[in-house]
Amino acid sequence: EEDDWEDIEDHLSQYRKPPNPEAFGIAEGKNVVFISMESIESFVIGETVNDEEITPYLNELIEDSYYFPNFYDQTGQGKTSDAEFMINTGLYPVGRGAVFHTHTDNEYMGLPDMLRDEGYYTASFHGNDRTFYNRDVMYGNLGYDYYYSKSYFDVTEENSVGWGLKDIDFFEQSMDYVKDLPEPFYATFLTLTNHFPYELDEEDHFIEPYTSSSDILNRYIPTVRYTDEAIRLFMEDMKEEGLYEDTIFVLYGDHYGIAESHNEAMGEFLGKEIDPFENTQLARVPLIIHIPGQEGEEVDTVAGKVDIKPTIMNLLGIPEYPHVLFGTDLLSNQREDFAVLRNGTIISNEYMYTAETCYDKKTKAPTTPESCDPIRDRGEWEIFYSDSIIYGDLLRFR
Ligand code: GP9
Ligand code: MN
């Protein structure tokens, strides 16, 4: 096991970058709020349907936030839970099944665990059954003090749709608990209304559905818009409770929302043909880091969810080393553009390896296969070492 760690350490130190000295510690001691935005993809950001913005609130928030337009979905079959896994562990999810199911009892160095050591209170909020995705067990393992699951909410026929409690009601009721949390707190909120198959009563439509050959894409527009509204109201409540100024907010799309089988309609929507290159571009999900008082900045680095944990640690003034973190600080001046996805796609600033083809990102056309060799090599080792930590439960030996 010691041998394993030597190789893993070599790999990690090869890619670890020094944090941005101007960002290190700027959020020290603040509350940390994560919002998992169910199935929200990047293509809706700044986009309109019938001249109406799909995400007016997020568009506004982005103006005063770090926004990452080239942030790719690295989840596997564990979807929402895989996203939670990455932000909390800095490891990749596994290639088959949900790691929340397959490796619940492993030793992890969860972000909530680390923050608890720093004096934080840690909680997760989600309007679903406790045992779904083994969250009841996994959350404890990651270091969450409390899980406000479905039974903590008043769930009725009127305030439910599709998978359950509607996002506006979810945030509103969560606030009753949030205002009494000891500070500083680390809290994760998982939205649900924008979940496949995107059902929503007409009275909750803040925008008309799209019209195309895909009912899924059509219905997706009002449900995304609804979640956007729910987040706006939540942020207003945070201000009202006097919590906003002392909190940093991390909002991310948990994974894709529109499956590849709807690419014809997506092509209509975007006005271009969806080839494998564009298909991978559609695997982008929004990442917004909002620190009240900080100026907004668009950071176009190629990245994914494993990069969130080191970024947040540095913002909070917690040094990365000796923690085991795949991914690199998104704000580091020396960061190299890189993302490896669980379907084997690998992306850098110049190249994209996808569907067994090497694309030149400038021309968006296939190029010499060898051009992708260096990123393929890095990507394979990344996944290999992360998987071996999980399959061997290697964090036990750290
Ligand atoms: C389940 C919710 C949705 O609790 O997080 O999960 P998903 O189906 O998106 O993985
Ligand atoms: Mn999800």
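Start by selecting the manganese ion (ligand 2), whose donor residues follow the spacing E-x41-T-x173-D-H along the sequence. Donors here are N, O and S atoms within 2.8 Å of the metal (3.2 Å for Na, K and Ca), and water is not among the atoms, so sites may look incomplete. Before you click on, know that this is a predicted model, where local features need pLDDT of at least 70, side-chain atom pairs count only at pLDDT 80 or more, and totals for chains, interfaces and linings use all residues. Residues are numbered from 1 along each chain as its sequence is written, chains are lettered from A and ligands numbered from 1 in the order in which they are written, and side-chain values use heavy atoms, with hydrogens and water left out.

**Stop 1: the metal**

Show the side chains of Glu38, Thr80, Asp254 and His255. The manganese ion (ligand 2) is coordinated by Glu38 (OE), listed twice, together with Thr80 (OG1), Asp254 (OD) and His255 (NE2), at 2.1 to 2.4 Å. Why does the arrangement count as irregular? The 6 donor atoms subtend angles of 55 to 168° around the manganese ion (ligand 2), and that makes it irregular. For the label, six donors count as octahedral if opposite donors are over 155 degrees apart and all others between 65 and 115; four count as square planar under the same limits, or as tetrahedral if all angles lie between 85 and 135 degrees; anything else is irregular.

Now trace the chain away from two of these donors. Glu38 sits in the loop between strand E1 (31-37) and strand E2 (48-49), while Asp254 sits in the loop between strand E11 (247-253) and helix H9 (263-270), so the pair ties together parts that are 216 residues apart in sequence. (Helices, H or I with at least four residues, and strands, E with at least two, are DSSP runs numbered from the N terminus.) Are these two buried or exposed? Glu38 counts as buried at 2% relative accessibility, and Asp254 is buried too, at 0%. Buried means under 20% relative accessible area, exposed over 50%, and partly exposed in between (1.4 Å probe, protein chains only).

**Stop 2: ligand 1**

Next, select ligand 1 and show what is near it, meaning residues with a heavy atom within 4 Å. You should get Glu38, Lys79, Thr80, His126, Asn128, Phe132, Tyr133, Arg135, Trp163, Leu192, His195 and His255. That shell divides into 4 nonpolar, 5 polar and 3 charged residues.

Look for the polar contacts (pairs of N or O atoms within 3.5 Å; within protein, one must be able to donate a hydrogen and the other to accept it, and residues adjacent in sequence count only if both atoms are side-chain atoms). Side-chain N or O atoms of Glu38 and His126 lie 3.1 Å and 2.6 Å from an oxygen atom of ligand 1. For Tyr133, a polar side-chain atom is 2.5 Å from an oxygen atom of ligand 1. How much of ligand 1 does the protein bury? Taken alone, ligand 1 exposes 310 Å², and the protein buries 96% of that.

While you're here, click Lys79, which is in helix H3. Lys79 has a positive phi of about 35° although it is not a glycine. At 25% relative accessibility, Lys79 counts as partly exposed.

**Stop 3: Gln74 and helix H11**

Move to Gln74, in the loop between strand E5 (71-72) and helix H3 (79-89). Gln74 counts as buried, at 1% relative accessibility. A polar atom of its side chain lies 2.7 Å from the backbone nitrogen of Lys305.

Then select helix H11 (residues 308-315), where 8 of its 8 residues are buried. Among them are Ile308, Lys309 and Met313. After H11 comes Gly317, with a positive phi near 80°.

**Stop 4: backbone oddities**

Most residues other than glycine have a negative phi, and most peptide bonds are trans. Where can you find cis peptide bonds? One runs from Phe196 to Pro197, with omega near 5°, and another from Tyr321 to Pro322, with omega near 10°. Pro197 is in the loop between strand E10 (185-190) and helix H8 (215-240), and Pro322 is in the loop between H11 and strand E15 (338-340).

Finish at Asn50, in the loop between E2 and strand E3 (52-53). Its phi is positive, near 50°, and at 60% relative accessibility Asn50 counts as exposed.

Note on methods
Accessible areas come from the Shrake-Rupley method with a 1.4 Å probe; for residues, only the protein chains shown count as cover. Ala, Val, Leu, Ile, Met, Phe, Trp, Tyr, Cys and Pro count as nonpolar, Asp, Glu, Lys and Arg as charged, and the others, Gly among them, as polar.
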